[in-house]
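Please open the structure in your viewer and keep the selection tool at hand, since the tour moves from one selection to the next.

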Amino acid sequence: MSLDRSDVEKIAHLARLNIAEQDIQEYAENLTDILDLVDQMQAIDTTDIKPMAHPMDAIQRLRSDAVTEGNQRDHLQTVAPAVEAGLFQVPKVIE
Amino acid sequence: MEWEAVIGLEIHAQLATKSKIFSGASTAFGAEPNTQACAVDLALPGTLPVFNAEALRMAVMFGVAIEADIGHTSVFDRKNYFYPDLPKGYQTSQLFHPIVGIGHIDIELEGGSTKRIGVTLAHLEEDAGKSLHEEFPSMTGIDLNRAGTPLLEIVSEPDMRSAEEAVAYVKKIHAIVTNLGICDGNMAEGSFRCDCNVSVRPKGEEKLGNRTESKNINSFRFIEKAIKGEIIRQIDLIEDGHTITQETRLYDANKDETRSMRSKEEANDYRYFPCPDLLPIVIDDDYVEQIRNCLPELPDARKARFIEQFKLGDYDAMVLSAYRELGGFFETTANTAGDAKLAANWVMGELSKHLNQHDTDITVSPVTAEMLGGLLLRIKDNTITGKIAKQVFEAMWAGEGNADEVIEAKGLKQVTDTGAIESLVDEVISDNQPQVDQYVNAEPDKRGKMIGFFMGKVMQASQGKANPGQVQGLLKQKLDALAN
Amino acid sequence: MFEKTLAELAQGLASGEFSSVELTRSYLDRIKTEDGALNSFITVTETEALAQAEAADQRRSAGEAGTFTGLPIAHKDIFCTQGVRTSCGSRMLDSFVSPYNATVIENFNTAGAVSLGKTNMDEFAMGSSNESSFYGPARNPWNNDCVPGGSSGGSAAAVAGRLAPAATGTDTGGSIRQPAALCGITGLKPTYGRVSRYGMIAYASSLDQGGPMARTAEDNAMMLNVMAGFDPKDSTSIDKAVPDYTLALNDSLKGLKIGLPKEFFSGEIDPQITTQVQNAIREFEALGATVKEISLPNTQLAIPAYYIIAPAEASSNLSRFDGVRYGHRCEEPTDLEDMYKRSRGEGFGEEVKRRIMVGTYALSEGFYDAYYKKALQIRRLIQQDYVNALSEVDIIMGPTTPHPAFKLGEKSSDPIAMYMEDIFTISLNLAGMPGMSIPCGFANGLPVGLQLIGNYFAEERLLNASHQFQQATDWHKQAPTS
């Protein structure tokens, strides 16, 4: 699997990453190398093998439905880049 | 050419849990922005989700109610996309192993027939926050109070063929989730929202046309209008030689039309994969059986029971069974009054009128079911007439006490004293000689209708309090005596 | 004082030989003079540390001290610490003062520990050399031109450099064991789910596991006693009773069955490392253990599977860093997309971007089955290898790394070469079992690590074996000259 510039641009857009023009080629090469490395997997027949998502095949625990968190807005918004009237601010989204 | 519409619906029902699906923050509606968004909801680095047991129970209740397959193992997946009201950059949802599998409901069509609509699946997911575009001139404000509210997304088969069928389906699902108590059903607050997938094809054609999806419609009427409008738009386009673009559209209730939402449509690749922070949910048969055994009565069952037990007509039974609270109110009223038909008329008539006029929920009605039943008892035992009863109802609504207290305080008790009624009757007969003459000269089979005039006069004279049966009897007796 | 182990310091505090304030102040002073060369700390929390030490001394004089009360340690800067910058080695979080504590931090606070500060690390724990840190690389105390390993390189360098008696670390593909080996200290990656991940900034959720780093197995046991335990805030945390890990340290190793996977002794491996590891195994035989060769046939597939699973999970885990609620936001964004792309483009370093892109690609439409699902299937094969092997033997042993510490810059331009350094550690994260690295000798003057692997929840066994080895040898007592 070989990735070209346009693949890198497409992936970078999906991941919302700004990539400098001059770095695209290197990323394309690095990513191609990594994909070549992982392609070793394709030689293995894994038919009928159950994918393993959790090491111990544990199951989800349930939380009882109780409100345990109160209003922590001021505390939690101390780390926010831009807040106005309790709302997080982002550049205008046009719908 | 004759066209056929094909409609499938995706309904998002907010589950009525106290806390969020993956955090301990409150789900209450209407709080100040971001006061119900905790560290987990804000997706602070390092925070992790833990699944709310009640959300699971509610989803399974719905599955049992629509006779669906309940997945033995259900898994949460991440749906990855960037949007400011989606704090983690992914929505925790279910793609590969939804909690509720194939089920169905029956809808009633005009003319009394029913149609079975397939439910493809229902899966659990978390709601996003809200983007507020109007608050600031150049910025959008983000409120994450809603982020993490549990949603049950209910996906139908494309089994509906008209806007009316679609609305009947939505109403039925609405009735089921509200009856189960798993969703408050408040469409104005967004607790129950609907996406409509619509396509058209020539009648008889098997192949489906390109479909459009109209998003987040929040009233039954808008659903009907949006679908009707979309069907016409598509047929017009095709007949003019255009093709339908598969796209997402937004219904604008003010203009009563849908418009394209291309901005959100750019080649989405959601990169679904199982959420590694959550583990598979395993649902055993005992758990499902336990829920099945304590499932509240559902609208269809209640309707059948109302017809059987209270001898209601089909329409009355359907209306009164749709909502748990309404059904319960009716039953209490009917049992107190000992007259189901009378109770049905009053609940669907006077009570509903007042609730609507005052925008009041039945659960907080100032006239309780016991009070209404008490009022109806007084009609039945002839203490008051139906007309006076409306006056009593008004007074009860205004908080002036129960029926007996109002009747007593206002002196509305019906006059049944034969002597008193007889003197009123005699008075009316002697005061209206021309009408008496007409009566006397009329053919005997026409006289029945003419008696109404005298009835009105007597009732008027008694201020509505005279017992109408007694008045009618006496009038007939005296007038007929004059005629013969 | 700086040569004392955690256990010895605990005795010193208990006997009143020194106070926690004295102890803490001497470490803070040492950090000031020595860390310029090592760069093992990102943030030193002097004021908070002294306040905690004072509180610990008061607790002690009130007769309420526990084993850990007043002991100073350092935390990898991946654990959210309330009121303290928690950077995860990234520009993205350079100004992020965490508003809450990770469960691990809470546990240490409850135990009365003193936090000296936050240690350097590869950005978002992605790296094996500490060179991807936004704050510059930490350096190996044995040779400042060499890397300390990664991603918990700052913790390893701080402990080896005697700037802290112990530190926390996290291990996603070897990030505790590899730097422990390269810096000549003892580190333990517990069973997945044994230590809460709540508040530990996620790299790859299904692989990440926090654990202790210290000079001895005994100190690791003391640390794990505080760290381990069920946490209702972490769905992947395991609800299983936690033993006192110090109790079994002195058990005899007579009859212990050791397995040596042939795959760990072949291929690209420094012969001096093989020699040192073999010597260590002979020592275990002298202690009563028996040895047999075993096989972990799918070992070579671990790196490919890991480099799908970890980047895929990371690509999604790191989506939350969007400049909206916290973290770096670019100057004057023109619109929403510009804000996302520049904030993330500027906030993340090269290796992080590379892994996000690999993960994004692997999960994108049409590739899920070929990459992510395939990797999870291979993961099961790898786990089965371990399960089978551990049904025959008690502990698997081998080298922790194929080479001793390499020079700064030596592998930083070749990602694949860097990834291959994790060949012996990475498969264990896929399987989820516990593993340790203990010092077992030197190669060219640089420490060599012996890796011990046990079955699920066999931490006690690993600590016991390591402790017995350390009673019989003094590799763990060697100190770099500074």
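Begin in this predicted model by selecting C:S61, which belongs to helix α3 of chain C. With a relative accessible area of 66%, over the 50% cut-off, C:S61 counts as exposed. Its side chain nevertheless has a partner, for it reaches the backbone oxygen of C:Q58 at 2.9 Å.

From C:S61, draw a distance to C:G16: although 45 residues separate the two along the chain, their C-alpha atoms are 9.9 Å apart. C:G16 comes just after helix α1 of chain C and adopts a positive phi of about 80°.

Step back now into that helix, α1 (residues 6-15), and colour its buried residues, which are C:L6, C:A7, C:L9, C:A10, C:G12 and C:L13. If you then show what covers these buried residues of α1(C), you will find, among other parts, α2 (20-38), α3 (46-61), β2 (72-76), β4 (166-171) and α7 of chain C.

The next selection is C:R215, in the loop of chain C that runs between β6 (209-214) and α7 (217-227). Which side chain of opposite charge is nearest to C:R215? It is that of C:E3, at 4.4 Å, and the buried C:R215 has no salt bridge; the pair is not counted because the rule requires the charged atoms to lie within 4 Å. The backbone of C:E3 comes into play instead, its oxygen lying 2.9 Å from a polar atom of the C:R215 side chain. Expanding the selection to contacts beyond four places in sequence brings in further residues, including C:F2, C:K4, C:T5, C:V159, C:R162, C:Q470 and C:H476.

Finally, display chain A together with chain C, where 49 residues of chain A are in contact with 70 residues of chain C. The area buried between the two chains is about 5,200 Å², with carbon and sulfur atoms giving 70% of it. On the chain A side, select A:M41, A:M52 and A:R61, which supply 14% of the area that chain A buries against chain C, more than any other three residues. Between these chains the count of salt bridges is zero, whereas 22 residue pairs, both members at pLDDT 80 or more, are in polar contact. Elements of chain A that each supply at least two residues to the side touching chain C are α1 (5-14), α2 (24-38), α3 (73-76) and β3 (87-91), and the largest share, nine residues, comes from α2(A). Coloured by class, this side of chain A shows 32 nonpolar, 10 polar and seven charged residues.

Methods
Residues are numbered from 1 along each chain as its sequence is written. Chains are lettered from A and ligands numbered from 1 in the order in which they are written. Side-chain values use heavy atoms; hydrogens and water are left out. Contact means heavy atoms within 4.5 Å. Buried area is the accessible area (1.4 Å probe) that two parts lose on being put together, summed over both. A polar contact is a pair of N or O atoms within 3.5 Å; within protein, one must be able to donate a hydrogen and the other to accept it, and residues adjacent in sequence count only if both atoms are side-chain atoms. Helices (H or I, at least four residues) and strands (E, at least two) are DSSP runs, numbered from the N terminus. Ala, Val, Leu, Ile, Met, Phe, Trp, Tyr, Cys and Pro count as nonpolar, Asp, Glu, Lys and Arg as charged, and the others, Gly among them, as polar. Buried means under 20% relative accessible area, exposed over 50%, partly exposed in between (1.4 Å probe, protein chains only). Lys and Arg count as positive and Asp and Glu as negative; His and the chain ends are not counted.
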